[in-house]
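User: Could you take a close look at one pocket in this model for me, and walk me through the contacts that its lining leads to? Keep it chatty, but give me the numbers.

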Amino acid sequence: MPDPYQQVIDRLTPCKKVLITTHVRPDGDALGSSAAMHLALCKVNIGSEILLLSHLPRKYAFVFNDHGVPHIDAEPAIPSHFHLDHYDAFLVVDTGTWSQLPDLQQRITTWRKPKIVIDHHLTQEDWADVKLVDTSAAAAGEIVAEMINRWGIPLDLALANALYVAIVSDTGWFQFSNTRPQTLRLGAKLMELGVDTDRIYQMLYQNERAERVALQTRAQDSLELLADGRLAVMTIRKEDFHQTRAGVPDTENLINIPLQIATVEVAILITEPLDNGPVRISLRSKGQVDVARFAEQFGGGGHARASGLKLSTSLMDARDQVVAAMVEQLGASRAAASKR
């Protein structure tokens, strides 16, 4: 069976310029992995640009700005001057589904250049020419780091910083269950290269705007405990954004707050969009429920413990549909457990 790492290297090696992108509303793994790919390609004399489908989040901007990583801002729309003719390959990191790449499917599907996916999510679509997917990896950054190693590209401080942001973001600073021994070994290796872990921690976790903290308070005020305390539901409405002056990027990681409650097995965050688009629903699990499989019934997906979906309906209809289905799921999982 062909080695997917080598397949990616073979597809990228002849390129003069690569278009890199990642999912809409990028997190630290998406941005750190994208930046690392750009920096690695530079070392083998391959040019690249990163197409961001959402504005570069303020808290992660240092990953790009510290090392001069170029990007094209495609929010609210892909710029008119953007042309695929300038690139020799299309590389997507941290997602493998078109739903996470708005406005790109029609442009890319008929494009006759290599299409490559590097990802660690369970939910995938079969549109890429080469898929490097490792669902056991804690972060896409782990896979990117391994590919850089196999390519023989030496790590420097810039690459180490980008990769460190990627892995600590998706592991909750090595706290989440996806953290593997090799994740910690990679983290140690990056630290040995000089990563300033204190600065990165402050940038990621002690650098919030007052508006985000106000939105967090609103989310917590909306908290409902259902199914005998096993399900936590929080709802953020348009008026919450307006009154706190927060934005959609400020919702990142709010979903994890209810998991502090001992009885909670699943947390749901329902977000009403500001642009009249679909309602966004984030799901987190402590492991009793596979929320990736749950999300798939609504057209979403992700990881077993962290996933999401979108519903083109009203806020309350979306809430009612998903909450009712999750209450039923929790009931079924409890019944199954009692029979063991």
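Analyst:
**The second largest pocket, and where it leads**

Sorted by class, the lining of the second largest pocket is made up of seven nonpolar, two polar and five charged residues. Bear in mind that this is a predicted model, so everything below is computed from it.

As for room, the second largest pocket holds about 280 Å³ of space. There are 14 lining residues, and those closest to the pocket's centre are E142, A145, E146, Q182 and L186. Two elements, α5 and α7 (181–192), each give two or more residues to that lining. The biggest contributor is α5, with five residues.

E146 is a good thread to pull, since it sits among the residues closest to the centre of this pocket. How exposed is E146? Its relative accessible area is 28%, which makes E146 partly exposed. The side chain of E146 also has a partner: it meets R150 in a salt bridge, with N and O 2.8 Å apart. Both residues belong to helix α5 and are four residues apart, or about one turn of the helix.

R150 doesn't stop at E146, though. Its side chain also forms a salt bridge with D3, at 3.1 Å from N to O. This second contact spans distant parts of the chain, because R150 lies in α5 (residues 140–151) while D3 is in the segment before α1 (4–12), and 147 residues separate them. In terms of accessibility, R150 comes out at 42%, so it counts as partly exposed. D3 falls in that class too, being partly exposed at 32%.

For a wider view, the model has 16 salt bridges in total. Another one of them pairs D250 with R209, and there the closest N and O atoms are 2.5 Å apart. D250 is in the loop between α10 (238–244) and β9 (266–271), and R209 is in the loop between α8 (197–205) and α9 (210–221), so this bridge ties together parts that are 41 residues apart in sequence. The two partners differ in how they're covered: D250 is buried at 9% relative accessibility, whereas R209 is partly exposed at 28%. Back on the pocket side, shared partners link the salt bridges of D3, E146 and R150 into one network.

What about covalent cross-links? The number of disulfides is zero. Why does C15 have no such bond? The cysteine sulfur closest to that of C15 belongs to C42 and is 14 Å away, which is too far for a bond; the cut-off is 2.5 Å. Seen from the other end, C42 takes part in no disulfide, and its nearest cysteine sulfur is that of C15. C15 has a relative accessible area of 7%, so it is buried. C42, with 39%, is partly exposed.

To pull it together, start in the pocket at E146, step along α5 to R150, and then go across to D3 in the segment before α1. That path follows the network of salt bridges that share partners.

Methods: Residues numbered from 1 in each chain as written. Predicted model: local features only at pLDDT ≥ 70, side-chain atom pairs only at ≥ 80, totals over all residues. Heavy atoms only, no water. Buried < 20%, exposed > 50% of the residue type's maximum accessible area, 1.4 Å probe, protein only. Salt bridge = Lys/Arg side-chain N within 4 Å of Asp/Glu carboxyl O. 1 Å grid on protein atoms, 1.4 Å probe; cavity = no way out; pocket = protein on both sides within 12 Å on 5 of 7 lines; lining within 4 Å. Points joined across faces, edges and corners; volume = space filled by probe spheres on them. Nonpolar A, V, L, I, M, F, W, Y, C, P; charged D, E, K, R; others polar.
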